[in-house]
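Reader: I am new to this structure and would like to learn how to read it. Could you take me through it, one feature at a time?

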Amino acid sequence: LPLVSAQAQAPAAAPATPAAPATPVAPETVVAKVNGAPITAGDLAIAAEDPALSLPGVDDAQKKSLLVDYMIDLKVGAQAAEAAKIGDSPDFQRKLAYFKDKLLLDEYLEREAKKAATPEAAKALYDQTVKAMKPEEEVHARHILVESEDEAKKIAARIKGGEDFARVAAEVSKDPGSKTEGGDLGWFTKERMVAPFAEAAFKMSPGQVSDPVKTQFGWHVIKLEEKRTKPVPTFDEMKEQVDQYLTRKAQQDLILKLREGAKIERTAAAPAVAPAPAQKTP
């Protein structure tokens, strides 16, 4: 066990040497051969992008080793299939043509979308969206949920008599989602809560405790903590959504443009086009 011995002889106090950055490997670098057919680093990179080969929790070195094993199995199987003339069948040729078209389209759409989803376009769309947003009020409240009005009246009296709302909520509230947080519901806008609860909460002043409020869930005692105008989300918070929107829109616009410029013919053998659903009049 030379490796173990060498490690045992190393000074205990020796500082750890930082790992050197990995040297980039050229895509054409051969990592294995199967019956003389090469498997390259570029082949591994493509396999690594396959969602079916996702390996969460596996470190990079182990993942690369597993991918090499997978690519060896893939190449062995593909060579056997070639020898069996699988690729010569009409069905296989149709599948091959379909997946070639699909890969070409996916690659084309991805490249073209990158031209549209630029940082400048994303910032412009964010600014436009924020400008169109209307100021919206939201509140921060706590509540205690019980089954009967009598219980709610007694709890409201306890709170108004000086008992701590959060402590009473932890003691008696039937809402498992907020009970352990002292009844805290955080910040919310009016439409997020059922109507009777929202109406009561948004009429209250900070620090005020409500009389019992009935909803389909039971009886509530509400304490309003704070009110504010809902903050506008920052660009960083919305960037992912903005980028996704720009990408989808660019791809949809491109497909529509390509269809408009193409000569498309449906033969008699094509399935009939389904009629659009009828619009209901108000």
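Reader: Let me start with contacts along the chain. Of the contacts with a separation of 6 or more, what share joins residues 24 or more positions apart?

Author: Counting contacts by their separation in sequence tells you how far along the chain the partners lie. In this predicted model, residues 24 or more positions apart account for 60% of the contacts with a separation of 6 or more.

Reader: And how many helices and strands should I look for?

Author: You can find 10 helices and 6 strands. The protein has 282 residues, and 22% of them count as buried. On the outside, it exposes about 20700 Å², with 57% of that supplied by carbon and sulfur atoms.

Reader: As this is a prediction, where is the confidence lowest and where is it highest among the elements?

Author: Start with the general idea: where pLDDT is low, the predicted coordinates should not be read in detail. Here the mean pLDDT is 88, and 89% of the residues reach 70 or more. Among the elements, helix α1 (residues 2–9) has the lowest mean, 34, while β5 has the highest, 97. Over residues 1–17 pLDDT stays under 50, and the model has 0 contacts beyond four places in sequence for that stretch.

Reader: Then let me turn to the sheet. In what order do its strands lie?

Author: Reading across a sheet gives an order that need not follow the numbering. In this open sheet of 4 strands, the order is β4-β3-β6-β5, and the pairing is antiparallel. The edges are β4 (184–189) and β5 (213–215), each of which pairs on one side only. On average, neighbouring strands are turned by 45° against each other, direction ignored.

Reader: How many bridges link each pair of neighbours?

Author: Let us go across from β4. Strand β3 (residues 137–146) pairs with β4 over 4 bridges, and V139 has F188 in β4 as its bridge partner. On to the next pair: β3 and β6 are joined over 10 bridges, with E137 partnered by T229 in β6. Finally, β5 and β6 pair over 3 bridges, and one of the bridge partnerships is K214 with W219.

Reader: How many residues lie between β5 and β6 in their hairpin?

Author: There are 2 residues between these strands.

Reader: Which helix packs on the sheet?

Author: Helix α9 (residues 195–203) does, touching β3, β4, β5 and β6 (218–229). The direction of α9 makes about 45° with that of β6.

Reader: Now for the inside. Which residues make up the largest nonpolar core?

Author: In soluble globular proteins, nonpolar side chains tend to be buried together. The largest nonpolar core here has 12 residues: I144, V146, A152, I155, A156, I159, F165, V168, A169, V209, W219 and V221. The elements giving two or more residues to this core are β3, α6 (149–160), α7 (165–172) and β6. Helix α6 gives the most, with 4 residues.

Reader: What does A152 touch, leaving out residues up to four places away in sequence?

Author: A152 touches V146, P212, W219 and V221. There is also a second, separate core of 11 residues, among them A141, A200, V213 and I222.

Reader: I see S178 in helix α8 (residues 176–179). Is S178 buried or exposed?

Author: Compare its relative accessibility with the cut-off: buried means under 20%. S178 has 2%, so it counts as buried. Leaving aside neighbours within four places in sequence, S178 is in contact with H143, G183, D184 and L185.

Reader: One last feature: which loop holds N35, with its positive phi?

Author: Phi is a backbone angle, and here we look at positive values in residues other than glycine. N35, with phi near 50°, is found in the loop between β1 (30–34) and β2 (37–40). N35 is exposed, with a relative accessible area of 73%. K85 is another case, with phi near 65°. K85 is found in the loop between α3 (60–83) and α4 (90–116), and it is exposed too, at 57% relative accessible area.

Key. Residues numbered from 1 in each chain as written. Predicted model: local features only at pLDDT ≥ 70, side-chain atom pairs only at ≥ 80, totals over all residues. Heavy atoms only, no water. Pairing = 2+ DSSP bridges. Axes fitted to C-alpha atoms, helices over the stretch in contact; angles between N-to-C directions. Contact = heavy atoms within 4.5 Å. Buried < 20%, exposed > 50% of the residue type's maximum accessible area, 1.4 Å probe, protein only. Core = buried A, V, L, I, M, F, W, Y, C linked by side-chain atoms within 4.5 Å. Areas by Shrake-Rupley, 256 points an atom, 1.4 Å probe, with all protein chains shown as cover. pLDDT = per-residue confidence, 0-100.
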